[in-house]
Amino acid sequence: AMSTYSGFPWGVAAKISRGAEIGKHGLMWQCPTCRTARPVPRTKTPVRCACGHSLSSVNEVRVVDASPPPQSPDWVPLIVGSDVTRYRSDASRYIRLGVPGLRYKQLDPGATKLLVRKTGVGIQAAMDTSGAHTVQTVFDVTAAGQASDEILYFLLGVLNSRPLQAFHLRRSGDLEWRSHPYVTPKLIMRLPIPDPMDSPRLSAMIAELAREMSETPSSQVDGRLDSLVADLFGIGSDGVSWSRQVLASAQQLRAISQLLDSPEEAPLGS
């Protein structure tokens, strides 16, 4: 039986943070006096800036754009939730840098990040090595302490595997996903991911194949990853069959039906 507890050393080997506190449309109210920007109030009623100036919709500015001014160093790539799918992340927008009041949350532009999408069906994770910024509906997982980026590829392979997806589907208690539960850092850290140091050879193989899936997706590699993760969980080939049965109960949902493509026969996402 698959463990229901996490053995992964969160905080020691990897840490989770969230992206910039802004929506994908990037609308803010910016003070004409001190230039400080703030998120648009839900009620859109006038508010007072810390400097005393009254702000309303006439002060609205857009700090996120799909096509920023050409050759402008102030605009850098931005990944929003819908940009993150299983093993893929492509920045569809740009965010303007240097806006006072906007909490960017970018720690290290050169860091390799494992991105996990907050919304959508199931768990969707992808690697980003571009240094793009992210919004708050994307969680950034980075290596901590002395851990290398291999720990992130290990997590990528486990999170995207069918056994883990099936466990998540079962634990959510709603196989029809009527409520579309959000993925949260707490949920991620509660997933029963074993400590990779307990099975170093197996974990290294999972990381290697997950890296391969990131660079050149293959249905054969995808299926092999499922088998390795099932072995990691101690549930073997029976566990792979169980995971496909669980996923079949939610196959009307597009994100789940892609997971049901036969790893041996169909290309990923066909």
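Here a biologist and a modeller talk through how some features of this predicted model get their names.

Modeller: A word on the ground rules: residues are numbered from 1 along each chain as its sequence is written, and side-chain values use heavy atoms, with hydrogens and water left out. In this predicted model, local features need pLDDT of at least 70 and side-chain atom pairs count only at pLDDT 80 or more, while totals for chains, interfaces and linings use all residues.

Biologist: What makes residues 219-233 a helix, and how does the reach compare with the one expected?

Modeller: A helix is a DSSP run of H or I with at least four residues, and a strand is a run of E with at least two, numbered from the N terminus. Helix H5 has 15 residues, so it qualifies. The expected span is 1.5 Å times one less than the number of residues; H5 reaches 21 Å from its first C-alpha to its last, close to the 21 Å expected.

Biologist: Why is H5 called mostly covered?

Modeller: Buried means under 20% relative accessible area, exposed over 50%, and partly exposed in between, with a 1.4 Å probe and protein chains only. Eleven of the 15 residues of H5 are buried, among them Val-221, Leu-225 and Phe-233. The cover includes helices H1, H2, H4 and H6, where contact means heavy atoms within 4.5 Å.

Biologist: What happens at the two ends of H5?

Modeller: Ser-218 caps the N-terminal end, with a side-chain oxygen 3.2 Å from the backbone nitrogen of Gln-220. A polar contact is a pair of N or O atoms within 3.5 Å, where one must be able to donate a hydrogen and the other to accept it. Just after H5, Gly-234 takes a positive phi of about 75 degrees.

Biologist: What makes a set of residues a nonpolar core?

Modeller: The members are buried Ala, Val, Leu, Ile, Met, Phe, Trp, Tyr and Cys residues joined through side-chain atoms within 4.5 Å. The largest such core has 43 residues, and Phe-8 and Phe-154 are among those with the most contacts inside it. H1 gives the most to this core, with eight residues.

Biologist: How do you know that S1 and S15 pair?

Modeller: Two strands pair if DSSP finds at least two bridges between them. Five bridges join S1 to S15, so the pair meets the definition. One partnership is Ile-16 with Val-141 in S15.

Biologist: Why do S1 and S13 count as edges of the sheet?

Modeller: The open sheet has the order S1-S15-S12-S13 and antiparallel pairing. S1 and S13 each have a single partner strand, so one side of each is left without a neighbour in the sheet.
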